[in-house]
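Welcome, and please keep the sequence and the model side by side as you read. We will go through some salt bridges, then the sheets, and finish at the surface.

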Amino acid sequence: MTGAAPVSVVVIGGGPAGSSAALQAAELGAGVTLLEAQQVGGTSLNRGPAPVRTLARAARLARDWSSWDQFGLRGPRPTLDLDAVLANSSRVAHHAHDRKDVAGLVRGLGIDLVEQVGPVRFTDPHTVRADDGRSWRADRVIIAVGGHAAPLPVPGGSLALTYDDLRSLKALPDEVAVIGGADTGCQIASIFDDFGVAVRLLEFGPTLVASADPAVSAALRAAFEAKGMQISTGTRVTELMADGDRTVVRFLRDGEEGEVEVGAVFAAVGWPANLDGLDLDATGITRDRMAIPVDDFMRTDVEDVFAVGDANGRVKLVQTARLEGRVAAWNAVRGPTRRAAYEVVPSGSFTDPEYGAVGLTEPQAARDHDVAVGIARYDDLLRPVADGRADGFCKLIADRASHRILGAHVLGEYSAETVQVVATAMSADMTVEQLAEMPFAFPTFTEAVSMAAQKACRAIGIGHFPPAWSYLGDEP
């Protein structure tokens with residue numbers, strides 16, 4: 001008597017979500033085919049966070065020249081070789097392929113990786129076909145097609161560049177307008193500002209980075225304006241027009257029309273999934289304008305088809321895409337038993353100043369909890385002062401009754417790294433007083449975590465922690 005044939009799985013898309021799904025399904029014994037339209041790695045390796053983070057690093061190095069005098073250093077301002085900067089960005093993009101041989105690794109694990117396949121479309125819920133006539137059929141299909149920058153939906157919107165265009169610039173403009181003040185727009189604006197480009201940032205909503213804690217949103221705006229950026233919130237862009245080699249941006253703010261002429265316009269107004277061309281109607285899968293809705297098991301409304309990462313539009317972060325890929329693969333092979341958990345998902349930015357977050361914002365936490373908040377200022381810590389980067393803070397939010405840590409929000413140098421400490425504590429279910437007792441290395445930026453925890457404990461009335469520096473003179 002022979003055993004049952006292994007489950008067959010086709011994964012569409014070789015980015016973080018799709019690669020993780022394929023690797024997990026293969027680990028569970030499934031027969032796996034991974035279809036990638038271009039090169040395995042997706043936006044995160046080839047066009048997005050990896051190379052753009054390298055651009056941000058170059059921008060920070062250019063920024064640091066302004067602090068040389070403070071440290072007794074003398075020398076002319078560095079000049080920008082844009083071709084060399086972009087070449088270095090490409091080096092990072094190619095690193096995973098040239099040095100780690102990602103494709104070879106995937107194939108070595110028994111996965112049938114098909115790169116440069118171009119677009120594929122469904123012919124039924126279990127079959128997909130490429131334009132060249134090749135087709136693949138499987139018991140389960142996992143959609144991991146990634147996303148793209150949404151076009152600016154105004155007359156002349158095609159004049160706007162996007163995130164993907166950063167690495168193809170031939171010269172820096174003298175002034176840019178960035179439309180959209182969420183994470184991506186702020187990152188683009190910050191990179192240009194540190195390269196010495198005049199920046200105007202226009203956001204339709206009332207605040208920058210609306211998903212962030214209000215303290216971070218307000219402090220980020222203040223920092224941007226202190227650097228010379230012109231920030232306009234509550235501003236709706238109505239039209240773009242070409243004027244020679246420049247672009248005119250027309251907008252409406254507080255009921256009044258305005259316009260500005262700039263060297264280039266970048267739009268960051270959304271990130272819809274790459275669903276057009278999949279022919280989802282052939283499967284009966286329901287989709288909306290931006291993504292495919294899924295249940296807690298990553299299933300679409302067609303049971304054998306799953307959607308992960310940007311394709312389901314839930315979180316749109318590399319780290320959650322990998323998690324969802326593993327969860328979907330497990331459920332595809334073993335049955336629907338695993339759910340993705342989003343309570344502890346640390347994230348960080350490429351902005352200057354950086355910001356990082358995990359868990360609930362203060363308004364979110366206050367809806368269901370009696371909260372205590374502790375804020376440690378960077379200017380109370382030796383390391384930020386010594387580094388000349390004392391503008392920033394770590395904000396910790398805890399539940400007064402259970403002492404659980406509900407969230408943390410950090411603004412300033414090494415924010416993304418610092419917030420990982422709190423994420424680890426939250427995953428370990430540590431209480432705020434346990435975190436407050438942690439003897440962090442001195443002098444470091446992460447000391448802000450224990451200082452903020454101690455302040456939260458004082459607000460709750462537990463632990464008998466002595467006042468931190470920033471309390472001195474402020475409390476009776």
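**A walk through the structure**

Let us begin at Arg250, a partly exposed residue with a relative accessible area of 32%. Before going on, please keep in mind that this is a predicted model. Which side chain does Arg250 meet in a salt bridge? The partner is Glu239, at 3.4 Å from N to O. Because Arg250 belongs to strand β12 and Glu239 to strand β11, their contact ties together parts that are 11 residues apart in sequence. Glu239, like its partner, is partly exposed: its relative accessible area is 24%.

The two strands that hold this pair are a good place to look around. β11 and strand β12, residues 246-253, pair in the antiparallel sense, and eight bridges connect them. To find one of these pairings by eye, look for Thr235, whose bridge partner in β12 is Arg253. Now widen the view: these strands belong to an open sheet of three, ordered β11-β12-β13, with antiparallel pairing. The edges are taken by β11 (235-243) and β13 (256-262); each has a single partner strand, so one side of each has no neighbour in the sheet. On average, neighbouring strands here are turned by 20° against each other, direction ignored. As a general point, strands of a sheet pair through backbone hydrogen bonds, either parallel or antiparallel.

For the parallel kind, turn to the other sheet on our route. This open sheet has five strands in the order β3-β2-β1-β7-β15, and the pairing is parallel. Its edge strands are β3 (112-114) and β15 (305-307), each of which pairs on one side only. From one strand to the next, the twist averages 15°.

Is strand β1 mostly covered or mostly open? Strand β1, residues 8-12, is mostly covered, with four of its five residues buried. On one hand, β1 runs parallel to strand β2 (residues 31-35), and five bridges join them. The route between these two strands is worth tracing: the chain leaves β1, passes through helix α1 (residues 16-27) and arrives at β2, making a right-handed β-α-β crossover. On the other hand, β1 is joined by four bridges to strand β7 (residues 140-143), again in parallel. Ile12 is a handy marker for both pairings: its bridge partner in β2 is Leu35, while in β7 Ile143 stands opposite. Continue along the sheet and you find β7 paired with β15 in the parallel sense over three bridges. There, Val141 has Val305 of β15 as its bridge partner.

With the sheets in place, we can return to charged residues. Side chains of opposite charge can pair when their charged atoms come close. How many salt bridges does a search of the whole structure find? The search finds 29.

One of them joins Asp194 and Arg60, whose closest N and O atoms are 2.7 Å apart. This pair links distant parts of the chain, since Asp194 sits in helix α6 (residues 183-194) and Arg60 in helix α3 (residues 49-64), 134 residues apart. Asp194 is buried, with a relative accessible area of 4%, and Arg60 counts as buried too, at 6% relative accessibility. Both residues take part in a network of salt bridges, whose members include Arg63, Asp64, Lys227 and Glu413.

Another salt bridge connects Asp296 with Arg314, with the closest N and O atoms 3.8 Å apart. Asp296 lies in the loop between β14 (264-267) and β15, and Arg314 in the loop between β15 and α8 (318-334), so this contact ties together parts that are 18 residues apart in sequence. Here Asp296 counts as partly exposed, at 40% relative accessibility, and Arg314 is likewise partly exposed, at 33%.

Our last stop is on the surface. Which residues form a nonpolar patch there? Look for Leu23, Leu105 and Leu109, which together have about 260 Å² of accessible area. To locate the patch, you can follow helix α5 (residues 102-108), where Leu105 is found.

Key. Residues are numbered from 1 along each chain as its sequence is written. This is a predicted model: local features need pLDDT of at least 70, side-chain atom pairs count only at pLDDT 80 or more; totals for chains, interfaces and linings use all residues. Side-chain values use heavy atoms; hydrogens and water are left out. Patches are made of residues with over 30% relative accessible area and no salt bridge: like charges are joined within 9 Å, nonpolar side chains (Val, Leu, Ile, Met, Phe, Trp, Tyr) within 5 Å. Accessible areas come from the Shrake-Rupley method with a 1.4 Å probe; for residues, only the protein chains shown count as cover. A salt bridge is a side-chain nitrogen of Lys or Arg within 4 Å of a carboxyl oxygen of Asp or Glu. Buried means under 20% relative accessible area, exposed over 50%, partly exposed in between (1.4 Å probe, protein chains only). Two strands pair if DSSP finds at least two bridges between them. A crossover is right-handed if, with the strands pointing away from the viewer, the path from the first strand over the helix to the second runs clockwise. Axes are lines fitted to C-alpha atoms, for helices over the stretch in contact, and angles run from 0 to 180 degrees between N-to-C directions.
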